[in-house]
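Please open the structure in your viewer and keep the selection tool at hand. The tour proceeds stop by stop, and each stop begins with something to select.

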Amino acid sequence: MSNENDFQGELGSHRPYLLRYANLQLRNAAVAEDTVQDTLLAALKGEQRYAGRSAIRTWLVGILKHKIVDAIRKQSRETTLASDPGDSDRSEFDHLFKADGHWQESAAEWGSPERSFDHKEFFRVLEECLAKLPKRTAQVFMMREHLGTPTDEICKVLEITPTHCWVLLYRARMSLRACLQQKWFAGARP
Amino acid sequence: MIGMMSCREVSELASQGLDRKLGAGERFALGLHFRICRNCARFNRQLELLRRALQRLPDEVTGPREGVQST
Ligand SMILES: [Zn+2]
């Protein structure tokens, strides 16, 4: 087993990854920084409980996920009305559908996921699209899809109703879908 | 009227299907609609691709670091 300095160095080497991870979720550099700091400190204190070098990043991400949810909960409490304007309003999608509820435009065939996932550029575009989401919408979406948090837990953390939660998730998906279509599938990729 | 769902309603329900357990009736209506509506079937596959992409996001962007040793 490595000595303490090696272990600290090893933890530090994962810092850029953790920061990136936290930033994707929190969209706030200062809060992300604090969250990662807390995570590394907690990891250092819990050194004994870490067994097996290969999974160190997975272990750190596991700690980080909890810290992120805590941070989001705190943010949500501090900004009493943390909702984006028109949170429950679905009229923004009116232009996608005809009056009878059918699609205005036919949906494009995106092909197999691997065809896109093989390209680093795809993920860069995805990040660009994520950055366009309103903050709260993005947080809910990332908690759900990236952290894998169950919807009822997201509702509790943010103190919103399940219906509200589903609307935010729907909005995020619709928006990302349109953005990816425009910036990726309609262009470079068939 | 579960057999008469519009594409708009289907898109909302398909999204919810990723976030809650749909009832048997809802699943049946979705499946039926997907079979007769190419656009909604594609939409549903797009949602699935999106979900899988998000699960891979930070790894893809930073590249795996598992083997990197501190200096
Ligand atoms: Zn349809």
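Where is the place of A:T149? The model under inspection is a predicted one. Select A:T149, and you will find this residue in the loop between helix 7 and helix 8 (151-158) of chain A. Is A:T149 buried or exposed? Its relative accessible area is 7%, and A:T149 is therefore buried, since buried means under 20%. Now display the surroundings of A:T149: leaving aside residues up to four places away in sequence, A:T149 touches A:M143, A:R144 and A:I154.

Next, select helix 4 (residues 56-78) and helix 7 (residues 135-145) of chain A, whose axes come within 12 Å and cross at roughly 150°. The two helices of chain A are therefore roughly antiparallel to each other, because an angle over 145 degrees counts as such. Helix 4 of chain A passes helix 7 of chain A in a left-handed crossing. To view the contact, select A:V69, A:I72, A:Q75 and A:S76 on helix 4, together with A:K135, A:R136, A:Q139 and A:M143 on helix 7. These contact residues divide into three nonpolar, three polar and two charged.

Finally, move to helix 2 of chain A by selecting residues 15-26. This helix has 12 residues and reaches 16 Å from its first C-alpha to its last, close to the 16 Å expected at 1.5 Å a residue. Which residues of helix 2 of chain A are buried? They are A:Y17, A:L18, A:L19, A:Y21, A:A22, A:L24, A:Q25 and A:L26. End the tour at A:R27, just after helix 2 of chain A, where the residue takes a positive phi of about 60°.

Methods:
Residues numbered from 1 in each chain as written. Chains lettered and ligands numbered in written order. Predicted model: local features only at pLDDT ≥ 70, side-chain atom pairs only at ≥ 80, totals over all residues. Heavy atoms only, no water. Helix = DSSP H or I, 4+ residues; strand = E, 2+ residues; numbered from the N terminus. Expected span 1.5 Å × (residues − 1). Buried < 20%, exposed > 50% of the residue type's maximum accessible area, 1.4 Å probe, protein only. Axes fitted to C-alpha atoms, helices over the stretch in contact; angles between N-to-C directions. Parallel < 35°, antiparallel > 145°, perpendicular 65-115°, else oblique. Left-handed = near helix turned anticlockwise from the far one by under 90°. Contact = heavy atoms within 4.5 Å. Nonpolar A, V, L, I, M, F, W, Y, C, P; charged D, E, K, R; others polar.
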